[in-house]
2 protein chains.
Amino acid sequence: MKTIKEIAQEANVSEGTVDRVLHNRGGVSKKTEEKVRAIIKEYNFSVNPVASALALKNKFNIAVLIPAHNKSDLFWKSPNLGITKAAEDIKTFGTQVQTLTYNQQKPESYINTFHELLKSNPSAFIIAPSFSEETRNIVAILDDKKIPYLFLNIEIEGFNNLSFVGQDSFTAGYIAAKLMLSKTTESSEFLIIQSRKNITNNNAVFKRIEGFTNYFVKNEIPCKILTLEIESQDSKTLRKTKINTYLNNHPDIKGVFVPSSRIHMLVDCMADTYLKTLELIGFDNTPQNIECLKNNSVSFLISQKPFNQGYNAVKLMNDYLVKNNIPSHKIYLPIDILIKENVIYNENSY
Amino acid sequence: MKTIKEIAQEANVSEGTVDRVLHNRGGVSKKTEEKVRAIIKEYNFSVNPVASALALKNKFNIAVLIPAHNKSDLFWKSPNLGITKAAEDIKTFGTQVQTLTYNQQKPESYINTFHELLKSNPSAFIIAPSFSEETRNIVAILDDKKIPYLFLNIEIEGFNNLSFVGQDSFTAGYIAAKLMLSKTTESSEFLIIQSRKNITNNNAVFKRIEGFTNYFVKNEIPCKILTLEIESQDSKTLRKTKINTYLNNHPDIKGVFVPSSRIHMLVDCMADTYLKTLELIGFDNTPQNIECLKNNSVSFLISQKPFNQGYNAVKLMNDYLVKNNIPSHKIYLPIDILIKENVIYNENSY
DNA sequence: TATTTTTGTGTGTGCGCACACGAAATGTGT
DNA sequence: ACACATTTCGTGTGCGCACACACAAAAATA
């Protein structure tokens, strides 16, 4: 394998000049450039990627801003693991990754954590934008400082984000509806359960609901779709009565759709008779949700490749920083359909 | 990331001593060795593989032996893409990847291509062992030369392979049966179509069939399962008559299971009436198969993450060569359930 | 022609590690 | 006490590249 040094000798120029030609840095006379290019071509030369990687070290640091996970909502653990794994992989490029988490219930936490990250002057940001309004302010700062940023998991429009990595939530909801109907008769009612906060704030949840209802419209299925709002601060007893009385009052309900990762909480609240008769469909293969799949209370989970979301986002950003690869504007990861039998092969990300 | 230099400072020794400890070169007093080891452990230190590769002028090369793809069977294109992508990623470690493909119909081709690869003295092999018997001979050579190897996509037992990367074919078949029944009534007959060659030679196909039939046994579903053998060398007209007469003679058949990636060929042969009434389930999201999903002739495809199979296999082997990471003996990738609606997000690997 | 600006080119240093070489510390025998 | 062997340890160099810096030649300006 030729080296830059050898190419330089061959062309009677210095290594620096070859370097300039190779990286299109400019400042090389036309004549010498041509000469160097000819020799590069002649030997089909390309730089030693090992040496290159070593020399490029310690240049960039990526800041990651995502929600925290806790016992009742483990979802974000998995993207976090993906991020950590990617961080490990790109250490060889000297890229550092700093991840901080915020409280998904508190917009202030989102803002504060962002500013905390900003202190270390990151070369780029990866953000899960749970709060649409607050994101506007955050992004204004980044745009001003010309710091590139990418959205993770939650898709919002109208920003200069480098890319989005996540799921097509609309279609995911659409698929949920299709799966729901594959198991039930046509003349039924269906119930969507979700907190008000999520419906208005969380764009992914909103789109899933849109997709779900759209399936009925598009296929002209005359089923009634009801909505029940359960707030996250409600006590368990309150939730229980709310849900069970609602189901009791609507005996035609044949299936329940939960457009978030918290379906296990509802399973926890529902009376056994409902668990046996109703079709339940929810999102994300968190350990608790998997348990619901295994004990037959939930029929399907739709998973959004949480691990890969984190992993890909970080690698994408690194490729952008290090190699100047511009990613596609939207990267939709597969919509996984999980059932009792295949869920174990998707478990390892928690 | 810590460096040897930093570890040395911390331990009040020279870099040389740390190097000696790291590589068990000996010539270090017990006391200092312990001190150094303690600090290495404390920081969970490991050498920068890139710098290491540069200093060593590492020249690992991984040989990859997989089936070729052609217009009628595109399956292997996708693992190949994954392999190429991984090859790009691991260039930074100085590892080269050489991929050669063989004719899946001809065992000689398998053997010959193997020997072709062997010529360049590879540090390791990645093999898709389509032919069980021939693999025995191949592996004997590798064992003799102490060249590590791992199996890709097709799982066979009784070898010293470093690892296996692929799918749990039995469960995949099991899931196919479950999906089949979600769409049909209980008192039906089902048909498995496959070539004799594949059933006896290709272990993945064999296991899928096992899993499929096992579902009926385990759940005590009294359906009759029939098998029709179609040889790949049969002409299209012959296939057409074979299939359609068979279906005609067995009017109770409600679903057809094709345990290979060639379901599109059967769709091509089946009369329209059958396409409309029968449930078809096959494997792999090749472009032709996706087309069948989109035009509603096929209900489900089961996908085995072909791209990731290739990608992971190569990266795993590289980690083994470069960092001495020993992988798990079996790495089962997710069993993807594909339907019309989510298939587009799995399309990009072809 | 003298002086400033622009353009073109070479040199030096560091990235983190592997390994050769040589120096110091310790041990052995007389 | 000495000379000498052996064990233990530190230093220096190179792997190939990226990039900052210095410097010379050419062009532009006065």
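## Ground rules

Contact here means heavy atoms within 4.5 Å. Keep in mind, too, that this is a predicted model.

## The cores

Let's start inside, with F125(A). Leaving out residues up to four places away in sequence, F125(A) touches A63(A), F114(A), L117(A), L118(A) and L142(A), and also I147(A), P148(A), Y149(A), L150(A) and M317(A). F125(A) belongs to the largest nonpolar core, which has 90 residues. The residues with the most contacts inside that core come from both chains: F125(A), I126(A) and L142(A), plus F125(B), I126(B) and L142(B).

Apart from this core lies another one, of 54 residues. Among its members are I335(A), I281(B), I337(B) and I339(B).

## How the two copies pair up

To lay chain B over chain A, you rotate by 178° and shift by 0.4 Å along the axis, which gives an RMSD of 1.9 Å. The two copies are therefore related as by a two-fold rotation axis. In chain B, the C-alpha nearest that axis belongs to I337(B), at 2.8 Å from it. I337(B) is also one of the residues of the 54-residue core.

The interface tells a matching story: 94% of the interface residues of chain B are also interface residues in chain A, so the copies meet through the same surface.

## Helix α5

In chain B, helix α5 covers residues 77–89, 13 residues in total. From first C-alpha to last, α5 reaches 19 Å, close to the 18 Å expected at 1.5 Å a residue. Its buried residues are S78(B), P79(B), N80(B), G82(B), I83(B), A86(B), A87(B) and D89(B). What sits over them? The cover includes β1, β2, β4 and α15 of chain B, together with α15 of chain A.

Over in chain A, N80(A) lies in helix α5, residues 77–89. Is N80(A) buried or exposed? N80(A) has a relative accessible area of 18%, and buried means under 20%, so N80(A) counts as buried. Setting aside neighbours within four places in sequence, N80(A) is in contact with I66(A), T99(A) and T101(A).

## DNA strand C

Moving on to the DNA, strand C is surrounded by 25 residues, the closest being S14(A), T17(A), R20(A), I4(B) and H23(B). Of the strand C atoms within 4 Å of the protein, 71% belong to sugar or phosphate, and the rest to bases. Which helices supply at least two residues each to the surface near strand C? They are α2 and α4 of chain A along with α4 of chain B. The most comes from α4(B), with four residues.

Some phosphate oxygens of strand C have polar protein atoms beside them. A polar side-chain atom of T17(A) is 2.9 Å from one, and a polar backbone atom of I4(B) is 2.6 Å from one. For D19(B), a polar side-chain atom lies 3.5 Å from a phosphate oxygen.

## DNA strand D

Around strand D there are 24 residues, and the closest are I4(A), S14(B), T17(B), R20(B) and S29(B). Sugar and phosphate make up 69% of the strand D atoms that come within 4 Å of the protein. Here α4 of chain A, with α2 and α4 of chain B, each supply at least two residues of the nearby surface.

Two side chains have an N or O atom beside a phosphate oxygen of strand D: T17(B) at 2.7 Å and T32(B) at 3.0 Å. With R20(B) the partner is a base: an N or O atom of the R20(B) side chain is 2.8 Å from a base nitrogen of strand D.

Methods: Residues are numbered from 1 along each chain as its sequence is written. Chains are lettered from A and ligands numbered from 1 in the order in which they are written. This is a predicted model: local features need pLDDT of at least 70, side-chain atom pairs count only at pLDDT 80 or more; totals for chains, interfaces and linings use all residues. Side-chain values use heavy atoms; hydrogens and water are left out. Copies are superposed by least squares on the C-alpha atoms of residues with pLDDT of at least 70 in both. A nonpolar core is a set of buried Ala, Val, Leu, Ile, Met, Phe, Trp, Tyr and Cys residues joined through side-chain atoms within 4.5 Å. Buried means under 20% relative accessible area, exposed over 50%, partly exposed in between (1.4 Å probe, protein chains only). The expected span of a helix is 1.5 Å times one less than its number of residues. A residue is near a molecule or strand if one of its heavy atoms lies within 4 Å of it. A polar contact is a pair of N or O atoms within 3.5 Å; within protein, one must be able to donate a hydrogen and the other to accept it, and residues adjacent in sequence count only if both atoms are side-chain atoms.
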